[in-house]
Amino acid sequence: MDEQRETLQRIVSTLANKNDEIHNFIDMLNHTIKNVQVNSSNVISGLDEEFDGLYSILDEMKGSMANTIQQEEAHKIQALQDQLSQCSNALESSEELLELAAQSLDIKDPVEFLKAARQIKDRVTMASAFRISLKPKVSDSMTHLMVDFALEKRMLQAVKFLPVPKPPEIDLAACLVADNCITVSWKMPEEDSRIDHFVLEYRKTNFDGLPRVKDEQRWELIDYIKATEYTLSGLKFDTKYINVRVQACNKAVAGEYSDPVTLETKAFVFSLDSTSSHLNLKVEDTYVEWDPTGGKGQEKIKGKENKSSGQNPLLKSNRRSGVPSPKRTSISARSSARGSRDRFTGESYTVLGDTAIESGQHYWEVRAQKDCKSYSVGVTYRNMGKFDQLGKTNSSWCIHINNWLQTTLSAKHNNKTKTLDIPVPDRIGVYCDFDGGQLAFYNANSKELLHTFRTKFTQPLLPGFMIWCGGLTVSTGLQVPSAVKTLQKSENGLSGSTSSLNNIA
């Protein structure tokens, strides 16, 4: 009976998952239909604009060419009219001279006749009729301004939709996720010399498989990529996966997107648990600040803040936003899991992370304010008492920085202290290998090893922080840096400055 019930439950779970996939696919189809309608309308509008532009150019060219013909006509007519005027004047002068010559033939007096003949001869020699050209200055032909658009007509008849680049293919084997960077590599299905650049889009998600239409973040875009590989750097991995897709673009049009690829982005994400922190600490997400008022004084301040709708500007400026870890439960559930722990009190100015480490390798970083006088960074089991301090119990490990009078850095565990003769970095990296029993602290900038605890962790660990004066900012969603992985491999089995306090004290 129990076996059949378990089988039926598996069937129900499988059907529920399949139904969820189908619902998601239906949403995607409906979304695609809407996109087709919108995109078709946009393309038709673009087509109208292009043809209107073409008509406008043709009208402009027609007007310009007609104007050229009219100017040529006016030029020729003016030249011919000028020549016509000259000829008319020459003809009038010639006719007068002809009439005078005819009259001179009737003169009887020889002296007068010779005189008139010489005058006529001189006038004939200077007559314009003998100096003008009887050939038209311009031709009546206008053939040099005729057009033949046969070639252009054939070109217009050959106009087609633009050649669209084919979708690129993402090479999943060549993609790399490391050091909070994602290197995406792709190739074209066939050689295309007209490709000008590529567009890469990515978005964070907690869903594996096909991208969903609902409950998804928007796509982030990287444009004008000339190569077929790109590295996204400085990412915070606060979701399980990242979807990636690529499209190719030529000078005129962008092609279809590639099939989206889902890359896993494993990282340790947590916030600070304000429900159990010391009352002298103000906690918000991944920022903690020392508050000397504490207790009732703190409640009075909060009352004033609520009335004025204001907030501590330092807390406000350091506010962090992020997506909760998919494994994280509600505050009440987490409190129940810890056995409803009391707030830290007394001189234990402590706040813990809200997500436990039960296996694997994890990494996070801590930055202290410059005026921070004293603080500790480490891990602890859940059983840490409300009066206990980090490093003073056998279930907590930390490094402690003291900035009074002189700056000191020390490693603490089980109420034993080891002074570390190393400069205090402004940013500390914490590496925890639960299964390997290692807790290491690094200079987060240079990746220089500060100290390593070696032990066997027997219970889940919580990140722990203790502060007095000043504030701490915690960076989560980070992968274990490659440099740290390399150093950890070389450090395994070594002693000396990286030895566990369990072994040397």
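Methionine 61 is partly exposed, because its relative accessible area is 40%; buried means under 20%, exposed over 50%, and partly exposed in between, with a 1.4 Å probe and protein chains only. Methionine 61 lies in helix α1, residues 2-104. Helices here are DSSP runs of H or I with at least four residues, strands are runs of E with at least two, and both are numbered from the N terminus.

Before I go on, this is a predicted model, where local features need pLDDT of at least 70 and side-chain atom pairs count only at pLDDT 80 or more, while totals for chains, interfaces and linings use all residues. Residues are numbered from 1 along each chain as its sequence is written, and side-chain values use heavy atoms, with hydrogens and water left out.

Now the first sheet. Its seven strands form an open sheet in the order β10-β11-β22-β13-β18-β19-β20, and the pairing is antiparallel. Two strands pair if DSSP finds at least two bridges between them. At the edges are β10 (281-284) and β20 (449-454), each pairing on one side only. On average, neighbouring strands of this sheet are turned by 15 degrees against each other, direction ignored. The axes are lines fitted to C-alpha atoms, for helices over the stretch in contact, and angles run from 0 to 180 degrees between N-to-C directions.

What packs on this sheet? Helix α7, residues 482-491, does, touching β13 (361-368), β18 (427-433), β19 (438-443) and β20. Contact means heavy atoms within 4.5 Å. The direction of α7 makes about 125 degrees with that of β19.

Back at the β10 edge, four bridges join β10 to β11 (residues 287-290), and the two run antiparallel. In this pair, valine 283 stands opposite valine 288 in β11.

One residue of α7 is glutamine 488. Is glutamine 488 buried or exposed? It counts as buried, because its relative accessibility is 4%. Leaving out residues up to four places away in sequence, glutamine 488 touches Tyr431, Gln438, Ala440, Tyr442, Leu449 and Thr452.

On to the other sheet. Six strands make an open sheet in the order β12-β21-β14-β15-β16-β17, with antiparallel pairing. Its edges are β12 (350-352) and β17 (416-420); each has a single partner strand, so one side of each is left without a neighbour in the sheet. The twist from one strand to the next averages 20 degrees. Strand β14 (residues 374-381) is joined to β21 (residues 461-468) by eight bridges, and they run antiparallel. Here valine 377 stands opposite phenylalanine 465 in β21.
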